[in-house]
Amino acid sequence: MKPKLTFWKVVFLAILAVGMYATLVRFTQGLGASTHLSDKFPWGIWIGFDVLCGVMLAAGGFTLTAAVHILNIKRLQPIVRPTILTAFLGYLLVCVALMYDLGKPYNIWHPLIMRNPHSVMFEVAYCVMLYTAVLALEFSPIVLERFELKNALKVVRAVLIPLVICGVILSTLHQSSLGTLYLIMPEKLHPLWYTPLLPVFFFLSAIAVGLAMTIFESSMSAKHFGQQLELPIIQELGRVLLVVLAIYGILRFEDLLHRDALKLILRPGYETYLFWIETALTLILPMILLLQKKVRATAGGLYVTAVLVILGFITNRLNVSITGLESSAGLHYIPKWTELAVTALIIAVGFALFGLAVRYLPIFPAETVHAYEEPEAVGTGVLSHAGD
Amino acid sequence: MSKALLYDATMCIDCKQCEAACAEKNQLPYTDAVAAEDRQSEHKLTVVLAKGDKYMRRLCMNCGEPACASVCPVAALRKTPEGPVIYESSRCMGCRYCMVACPFGVPKYEWNKLAPRVQKCTMCADRVLAGQPTACAAICPTGATKFGERDELLNEARRRVHDNPGKYVDRIYGRFEVGGTSVLLLSSAPFEEFGYPSQITQDPLPLFTYRVLSRIPDFVPLGGTVLGGVWWITHRREEVAAKEGKTSKTVFYPSTADGRKK
């Protein structure tokens with residue numbers, strides 16, 4: 001294939017160059033020179049976006065493996081592999097992002113031997129570590145198939161169900177625990193976001209984003225990798241998404257009501273505006289759209305809705321981790337260019353790795369239609385789909 | 001028994017000898033420029049604030065159940081039974097959760113170093129463990145900062161408030177705040193004027209996360225069983241259907257031709 005310099009390749013190379021320079025600044029001059037973090041505001045977008053949103057955006061992995069392997073919804077099969085790929089890349093990149101944010105990244109292994117089980121961060125560290133390993137194993141059949149390593153494949157397939165169950169439990173734990181992280185600061189986090197239900201909200205929204213990301217990916221893959229769009233599948237995901245959003249919305253407002261914080265949503269102010277941006281993107285617009293049969297049935301409508309939901313919950317995570325903490329810190333945090341450059345680098349690398357994996361590994365089923373009409377022996381149902 | 005510090009702002013004369021002694025004890029520079037700084041930082045672990053003729057010290061409260069120690073994933077911060085909350089920089093990986101979690105904004109960071117440490121007053125743990133008072137209490141010329149048993153200091157603080165009606169704000173800061181701290185403060189001016197949060201919970205902060213975390217050990221086997229059970233049921237259905245002669249395959253699409261878009 002002849003390398004061609006397209007617009008997006010130029011953008012990618014520019015992000016790469018600036019990102020590498022920012023990396024140099026970070027690791028030669030320290031956090032002070034490379035971020036706008038301070039004693040008053042110790043966590044910025046590397047935590048708020050790269051880690052919180054990164055983990056959330058990778059939630060499709062556990063949502064879909066649970067649907068296909070545990071609930072046995074086989075018709076979702078064709079999109080499991082791209083979703084696992086996204087999740088695996090997502091978690092790897094979260095680990096990379098942590099290396100930038102930790103003051104002493106070379107001590108990142110310390111939780112392995114220095115334990116504090118009362119720390120939410122400790123629990124998150126273990127879950128993320130173990131889940132990344134689980135994802136690597138869930139992803140491994142794709143690589144093993146590519147190189148035709150039949151014995152190794154057999155081993156992985158034999159343990160697939162316990163592996164999937166572990167993955168779902170680990171995800172449930174750390175997706176919610178990222179919300180629990182903020183429970184220790186009842187006085188610092190703004191009442192529009194501080195609630196004992198934070199873990200529940202983080203978990204529910206992870207499922208919503210997992211579904212939205214799967215719709216988004218399927219649409220993007222259809223566009224850029226010449227894949228057939230599995231329209232009935234994403235229509236179904238759209239319906240489930242509507243229900244999850246409705247549950248989340250009811251809980252969110254019930255919680256505001258019971259905490260006596262509902263009056264805050266009409267009080268003009270910085271936090272209120274961001275609350276409404278979040279609410280419009282996560283709840284109002286997607287639910288209005290999904291309630292229209294026309295939107296729910298078309299690829300374009302579902303794509304737009306998915307993008308809104310993703311942007312909405314990114315806003316939510318940034319509100320919890322940044323907006324909601326600004327007034328107690330008494331400052332406005334605006335990330336430094338180096339922080340943005342590193343974040344852009346990580347996103348760009350994620351896209352590039354996804355593209356490479358799709359090109360060289362059997363991510364998308366070669367002949368979806370055929371595979372589904374093949375007769376299948378009883379009892380081997382699980383095995384024949386193992387690793388997908 | 002647990003040791004503590006009692007700082008009585010009405011006895012303080014703003015001589016800043018505690019600041020100097022603290023800097024010396026922690027091997028930090030104490031120049032005129034540092035003396036003039038009016039906030040805690042990674043090179044100034046305690047500070048005497050002045051508002052008119054009212055003074056107030058800021059230092060780590062060395063909480064009874066410290067948020068910082070509870071959130072630290074590697075137990076670099078620890079509460080000692082003697083009172084001080086200590087920090088071991090060799091364990092720290094620099095996640096800075098302690099800084100985010102501390103209700104008093106105490107832990108500071110060496111942002112400009114490549115191997116940064118968290119810096120905070122550790123209540124002169126080595127001295128206290130050796131039976132000596134903290135450096136700041138030892139040098140205080142007026143007895144405004146007093147070192148002793150927490151119970152006894154608390155009694156004394158109550159006595160001072162009781163014996164001098166109108167002199168003090170009716171609050172011993174640190175008695176109940178976040179479940180009680182090893183630093184107790186008395187003042188004639190409201191504490192919030194010097195940055196101490198006045199509306200603050202009396203529950204130890206670690207409770208807020210522990211309520212959730214403590215459920216995890218129960219959740220794991222339960223969740224595993226539920227998921228395993230669901231898997232068994234959904235797949236068993238398929239087997240039964242196959243045995244009864246029905247097709248084992250569900251029809252995925254009405255037909256392969258429609259419902260799909262190129």
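Me: What distance does helix α1 (residues 7-34) of chain A span between its end C-alpha atoms?
Reply: In this predicted model, local features need pLDDT of at least 70 and side-chain atom pairs count only at pLDDT 80 or more, while totals for chains, interfaces and linings use all residues. Residues are numbered from 1 along each chain as its sequence is written, and chains are lettered from A and ligands numbered from 1 in the order in which they are written. A straight helix of 28 residues (helices are DSSP runs of H or I, at least four residues, numbered from the N terminus) would span 40 Å, at 1.5 Å times one less than its number of residues. Helix α1 of chain A, however, spans only 29 Å.

Me: On which residue is the kink in α1(A) centred?
Reply: The bend at a residue is the angle between axes fitted to the seven residues ending there and the seven starting there. In α1(A) there is a kink of about 100°, and its centre is A:Thr28.

Me: Which elements are among those that cover the buried residues of α1(A)?
Reply: The buried residues (20 or more other C-beta atoms, placed from the backbone, within 10 Å of their own) of α1(A) are A:Gly19, A:Ala22, A:Arg26, A:Leu31 and A:Ser34. What covers these residues includes, in chain A, the elements α4 (80-101) and α13 (337-360).

Me: Which helix gives the largest share of the largest nonpolar core?
Reply: A nonpolar core joins buried Ala, Val, Leu, Ile, Met, Phe, Trp, Tyr and Cys residues through C-beta atoms within 7 Å. Of the 180 residues in the largest such core, A:Ala208, A:Val209 and A:Ala212 touch the most other members. The largest share of this core is 14 residues, and it comes from chain A, helix α8 (residues 198-224).

Me: Which residues does A:Ala208 touch, not counting residues up to four places away in sequence?
Reply: Two residues are in contact if their C-beta atoms, placed from the backbone, lie within 7 Å. With that sequence limit applied, A:Ala208 touches A:Leu241, A:Val244, A:Leu245, A:Tyr248, A:Val309 and A:Phe313.

Me: Which element gives the most to the side of chain A that touches chain B?
Reply: The contact takes 56 residues from chain A and 60 residues from chain B. The elements of chain A that give two or more residues to this side are α1, α5 (120-146), α7 (160-180), α9 (231-258), α14 (368-373) and α15 (381-385). With seven residues, the element that gives the most is α7(A).

Me: What percentage of the residues of chain B count as buried?
Reply: The C-alpha atoms of chain B fill a box of roughly 95 × 45 × 40 Å, taken along the principal axes. Of its 262 residues, the share that counts as buried is 41%.

Conventions
Buried ≥ 20, exposed ≤ 12 C-beta atoms within 10 Å, placed from the backbone.
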